[in-house]
Amino acid sequence: MNKPVNLLMVGVGGQGIILASDIIALAAIKAGYDAKKNEIHGMSQRGGSVFSHIRYGEKIYSPVIPEGQTDILVSLEEMETLRWLKYTNKKTKIIYFKNEILPANVQEYPKGIEQAINKSFPNVYIIKPEELKEKISSPKYLNTVLCGFLSNFLNLSKGQWIAAIKDKVPKETYELNLQAFETGTKLKT
């Protein structure tokens, strides 16, 4: 693999962006790739933006994805998807949760986000969290569902994903995270 895989994960504080990006980077390392990531979560406890760049391949020199070069944009919040489109291109796969969280000092959620994204990008995958309620034990595992869905698009084995989950999540939540991951792998691609 000469070209690195560039993944950008975005969302707001408390959605598990950092844990999910740790799992992805570790799964890539377990597959024998060089992997690097960075993250910003400065105001995350107040519902602020959280993002993580993840890059893996034969040799990665920088953890930062250049603008316009993201292969997959993964978002746990609809409006956050919009904020990061400058890192995408027409070939970028956009995977996002149809999840609306109002930022501080905003009274009304913007309309038409889904239509705007679908109009500009041919590879869009929308996951509706309410459709997962009966399949996972708690919404706090949605980040692991997202890892499962993402696994359908990456060249990492299921065993590498599961080993990374086992290493990164608290031991008492491993089975529930694994269940959430399996749920994500079965979502329609």
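The questions and answers below concern a predicted model.

User: In what order do the six strands of the open sheet lie?
Analyst: The sheet is open and its pairing is mixed. Strands β2 (34-40) and β6 (124-127) stand at the edges, each with a single partner strand, so one side of each is left without a neighbour in the sheet. Neighbouring strands are turned by 10° against each other on average, direction ignored. The order is β2-β3-β1-β4-β5-β6.

User: Which residue of β3 stands opposite Glu 39?
Analyst: Strand β3 covers residues 49-57 and pairs with β2 in the antiparallel sense, over seven bridges. The residue of β3 that stands opposite Glu 39 is Ser 52.

User: How many bridges join β1 to β4?
Analyst: On one side, β1 pairs with β3 in the antiparallel sense over eight bridges, and Val 12 stands opposite Ser 49 there. Towards β4, Leu 7 stands opposite Ile 72. β1 and β4 run parallel, and the number of bridges joining them is four.

User: How many of the residues of β1 are buried?
Analyst: Val 5, Leu 7, Met 9 and Gly 11 point one way from β1, while Asn 6, Leu 8, Val 10 and Val 12 point the other way. Both groups are buried. The strand is thus mostly covered, and the count is eight of eight.

User: What is the bridge partner of Val 74 in β5?
Analyst: β4 and β5 pair in the parallel sense over four bridges. Four of the five residues of β5 are buried, so β5 is largely enclosed by the rest of the structure. The partner of Val 74 in β5 is Ile 95.

User: At about what angle does helix α1 run to β2?
Analyst: Helix α1 spans residues 17-30 and lies across β1, β2 and β3. This helix gives the largest share of the largest nonpolar core, eight residues. Its angle to β2 is about 170°.

User: Why is α4 largely enclosed by the rest of the structure?
Analyst: Helix α4 (residues 142-150) lies across β1, β4, β5 and β6, running at about 155° to β5. Its buried residues include Leu 142, Cys 147 and Phe 149. The helix is largely enclosed because its buried residues number nine of nine.

User: Which residues touch the most other members of the largest nonpolar core?
Analyst: This core has 42 residues. Not counting residues up to four places away in sequence, Leu 7 touches Ile 24, Ile 54, Ile 65 and Leu 150, among others. Apart from this core lies another, of 16 residues, among them Leu 8, Leu 73, Trp 84 and Tyr 96. In the 42-residue core, the members with the most contacts to other members are Leu 7, Leu 150, Leu 154 and Trp 161.

User: How many residues apart in sequence are the parts tied together by the pair of Trp 161 and Phe 181?
Analyst: The structure holds seven aromatic pairs. Trp 161 and Phe 181 form one that is tilted, at 5.8 Å centre to centre with 35° between the planes, and both residues are buried. Trp 161 lies in helix α5 (residues 158-168) and Phe 181 in helix α6 (residues 174-185), so the parts tied together are apart in sequence by 20 residues.

User: Over the face of which residue does Lys 166 lie?
Analyst: Elsewhere, Lys 59 lies over the face of Tyr 61, at 5.9 Å from the ring centre. For Lys 166 the distance to the ring centre is 5.9 Å, and the ring belongs to Tyr 174.

Methods: Residues numbered from 1 in each chain as written. Predicted model: local features only at pLDDT ≥ 70, side-chain atom pairs only at ≥ 80, totals over all residues. Heavy atoms only, no water. Pairing = 2+ DSSP bridges. Helix = DSSP H or I, 4+ residues; strand = E, 2+ residues; numbered from the N terminus. Axes fitted to C-alpha atoms, helices over the stretch in contact; angles between N-to-C directions. Contact = heavy atoms within 4.5 Å. Phe/Tyr/Trp six-rings, centres within 6.5 Å; stacked < 30°, edge-to-face > 60°. Buried < 20%, exposed > 50% of the residue type's maximum accessible area, 1.4 Å probe, protein only. Lys NZ or Arg CZ within 6 Å of the ring centre and 35° of its normal. Core = buried A, V, L, I, M, F, W, Y, C linked by side-chain atoms within 4.5 Å.
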